Amino acid sequence: MSENVKTTGRVTVPTDIDVVPETLELMKRWGADALRDCDGTDFPQELRNVNAKVYKTYYTTRKDNEWARQNPDEIQQMYIMSNFYTATQDSLSIHLMTGLYPDMLKVNSHDDITRWWEVIDRTTGEVVPTTQWSYSEESGDVTIKNTVPFHDYTVSFLAYIVWDPVHMYNAVVNDWKDVEHQMTFDVRQPKTRAYSMERLRKFCRENPHVDVIRYTTFFHQFTLIFDELAREKFVDWYGYTASVSPYILDQFEKEVGYRFRPEFIIDQGYMNNQYRIPSKEYRDFQAFQRREVAKLAKEMVDITHQEGKEAMMFLGDHWIGTEPFMEEFASIGLDAVVGSVGNGSTLRLISDIKGVKYTEGRFLPYFFPDTFHEGGDPVKEAKVNWVTARRAILRKPIDRIGYGGYLKLAMEFPEFIDYVESVCDEFRLLYENARGTTPYCVKKVAVLNCWGKMRAWGCHMVHHALYQKQNYSYAGVIEALSGAPFDVRFISFEDIKANPQILQDIDVIINVGDADTAHSGGAYWADADVLSAIKAFIYNGGGFIGVGEPTACQHQGHYFQLATVMGVEKERGFNLNYDKYNWQEHKHFITEDFQEEINFGEFAKNIFALEGTTVVKQHEKEVQLAANSFGKGHTVYIGGLPYSFENSRLLYRAIMWSTNDESNLCRWYSSNYNVEVHAYVKNGKYCVVNNTYQPQHTTVYRGDGSNFDLDLAANEIIWYEI
């Protein structure tokens, strides 16, 4: 067993001009070797010669209002769609800024509105000719003539982003008073591009004490729109809506060879969010943006290196176009990536990034007044954050951890300072034991959806790591996999169409999601090539696990296109005439660890089993868990899978059964699902970790199947030599 020796390094802490002694104290206690500033703070002169790396945040698109005011045509823009309005006569007026925060956005009528705006009859989907509508600068209204009574209409228009959304968010959350609104500018455009490169060089030279330029991030903010009351109205952490301008779209047209339409971005008002099956035009636009952003970001990184500094990218804020799992990313030449860690999924979103020298996770809570206030409990939030993320760190560690915000607030909570000190020590020990090797992986698991590797670990996210009631199964599966002993891949239907052979290097396919979403796949399941390739994979011995409404697409007599393979189907009224008799529950390997009821969440409704299928769990004649065989392969259907330690074990056992490998279950394994075992065979280490806040007892199985009993304290992690 390893000794818990006090170590230093691999930790970043925030500072400010009014907390110099506190910073020095914290560096010593937490073993920090890097300091950083935050939005609204300044780096203290007294710490410029301290023995630590200094990070300085660099804003490529704001903090230079003078330039933005001098070049209003090169302020950043986004596409907005108005509300839906029903015409009751032969004309209709639509006020564009209804429901939008007026200090953030300004309608762009400077560019040709007949070219870059679009009025659509949403009842028919037809574009209204530009001769039938006009815009009044004075009223801010678009007036449509010759409308069809009782048809719905919308206006898609460009708007300047006159207050950076992140600066606005920080100002609102922290209740900043009398702070000048930071305007945006578009580095992609010619004048601002040239100016920005010189601005960066000047910044580097004026900050000789800085070792790492922390870009936050590069050029385009993910979609973040506020309503008229300054509340968040629309947030899409993956949204490309705010990466447009006539200058950019002209370039896009020349590259792809077809005319751009606002609807490619607007997408009926859904804005191509994560749940929408991406159109060819939207995928073309994303690919174009990735290439252009990577080229421009590389220019900045090259300047950073020429000035003798490292370049670090914050995976957040203006990160659109720098997709970290796509080929273009490595060409940027970044030294590091840092991102916010909300759970295991977001940890893997950072730690799995290739093409950088090191990765860093910014842990919660941020030292902001929404948590650090009288009556607040930052220790509880920190404990939940660390223990949740630790599962994923044990599978793929980040290289560094850190915190952000205003240090003065954190220092008022000594218990928090104590707890984070223990976290820093635990992280360093974990890192030393796990570094440089791949932990034991029992199976190769592929999550199949429309996005593939582009959305690895984040395919379900809306507001980054915030919980959404409606997507608990997406989140449950991804979170369970983030800390499980599997080699996890993310593949798309397009990947299979291009090369069905990729399935030969996979043990299990998981398809999870609601019907008609990008996650389950929608119409892709009506593609004979995709369907045949997956059926062949299962028939020849592969495993398939479907959760929610997997393979759903009404086509040729089935809703679940793998109905005959999974052995289950959804009743949508079309099969009511067929009597159904297979409701008897059976004991199964998958549920052997469960003494009580399994939590399937709200689960998919109206699922029934075909004859011959093994029903494991059903509730009032709605199947929740079923198992079936097809050729040499096995399939498992699960109605819903909220994240929990119990359900992580359920998924683990389902994967082992679906691959006909039940006999190898007890290898680097814990009999208690609240406790997990992670082995680093190459390093001669393994650990046993209690994921709960209560003491736990378990039987630990080593790699050879031998075992021993163990008691662990709350949250405890114990390291052993193999």
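User: Before we get to the strands, what does buried mean here?
Analyst: Buried means under 20% relative accessible area. Keep in mind that this is a predicted model. For a residue to be called exposed, the relative accessible area has to be over 50%. So the cut-off for buried is under 20%.

User: With that cut-off, how many of the residues of strand β22 are buried?
Analyst: Take one side of β22 to begin with: V508, I510 and V512 are buried there. On the other side sit I509, N511 and G513, and these are buried too. That makes β22 (residues 508-513) largely enclosed by the rest of the structure, because the buried count is 6 of the 6 residues.

User: Why can one strand have two sides to cover?
Analyst: It comes down to how side chains point. In a regular strand they alternate between the two faces of the sheet. In β22, both faces are covered, one by way of V508, I510 and V512, and the other by way of I509, N511 and G513.

User: Which strand joins β22 through 6 bridges?
Analyst: The strand in question runs parallel to β22 and spans residues 543-548. One bridge takes I510 to its partner I545. The strand is β23.

User: And in β22, which residue is the bridge partner of A446?
Analyst: β20 and β22 pair in the parallel sense over 3 bridges. β20 covers residues 443-449, and A446 has a bridge partner in β22. That partner is I509.

User: What about β21, where A446 has a bridge partner as well: which residue is it?
Analyst: β20 pairs with β21 (residues 486-492) in the parallel sense, over 7 bridges. β20 is itself largely enclosed by the rest of the structure, because 6 of its 7 residues are buried. In β21, the partner of A446 is R489.

User: Switching to helices, what span is expected for α5?
Analyst: Helix α5 (residues 190-206) has 17 residues. From its first C-alpha to its last, α5 reaches 25 Å. At 1.5 Å a residue, that is close to the expected 24 Å.

User: How wide is the arc that the buried residues of α5 cover around the axis?
Analyst: The buried residues are T192, S196, M197, R199, L200, F203 and C204. They pack against β3 (53-58), α2 (65-70), β13 (212-215) and α8 (280-306). On the other side of α5, A194, E198, K202 and R205 are exposed. The buried set lies on the same side of α5, because its arc is only 165°.

User: Now the rings: is the pair of Y238 and W319 stacked or edge-to-face?
Analyst: The structure holds 49 aromatic pairs. For Y238 and W319, the ring centres are 5.6 Å apart. Planes over 60 degrees apart count as edge-to-face. The planes here are at 75°, so the pair is edge-to-face.

User: How many residues apart are Y238 and W319 in the chain?
Analyst: Y238 sits in the loop between β15 (232-236) and α6 (246-256). W319 is in the loop between β16 (310-314) and α9 (327-330). Both residues are buried, and the pair links distant parts of the chain, 81 residues apart.

User: What is the angle between the planes of Y559 and F560?
Analyst: This aromatic pair is 5.9 Å centre to centre, and it is stacked. Y559 is buried at 9% relative accessible area, and F560 counts as buried at 0%. The angle between the planes is 25°.

Methods: Residues are numbered from 1 along each chain as its sequence is written. This is a predicted model: local features need pLDDT of at least 70, side-chain atom pairs count only at pLDDT 80 or more; totals for chains, interfaces and linings use all residues. Side-chain values use heavy atoms; hydrogens and water are left out. Rings of Phe, Tyr and Trp (its six-membered ring) pair if their centres lie within 6.5 Å; planes under 30 degrees apart count as stacked, over 60 as edge-to-face and the rest as tilted. Helices (H or I, at least four residues) and strands (E, at least two) are DSSP runs, numbered from the N terminus. Buried means under 20% relative accessible area, exposed over 50%, partly exposed in between (1.4 Å probe, protein chains only). The expected span of a helix is 1.5 Å times one less than its number of residues. The arc is that of the directions from the helix axis to the C-beta atoms. Contact means heavy atoms within 4.5 Å. Two strands pair if DSSP finds at least two bridges between them.
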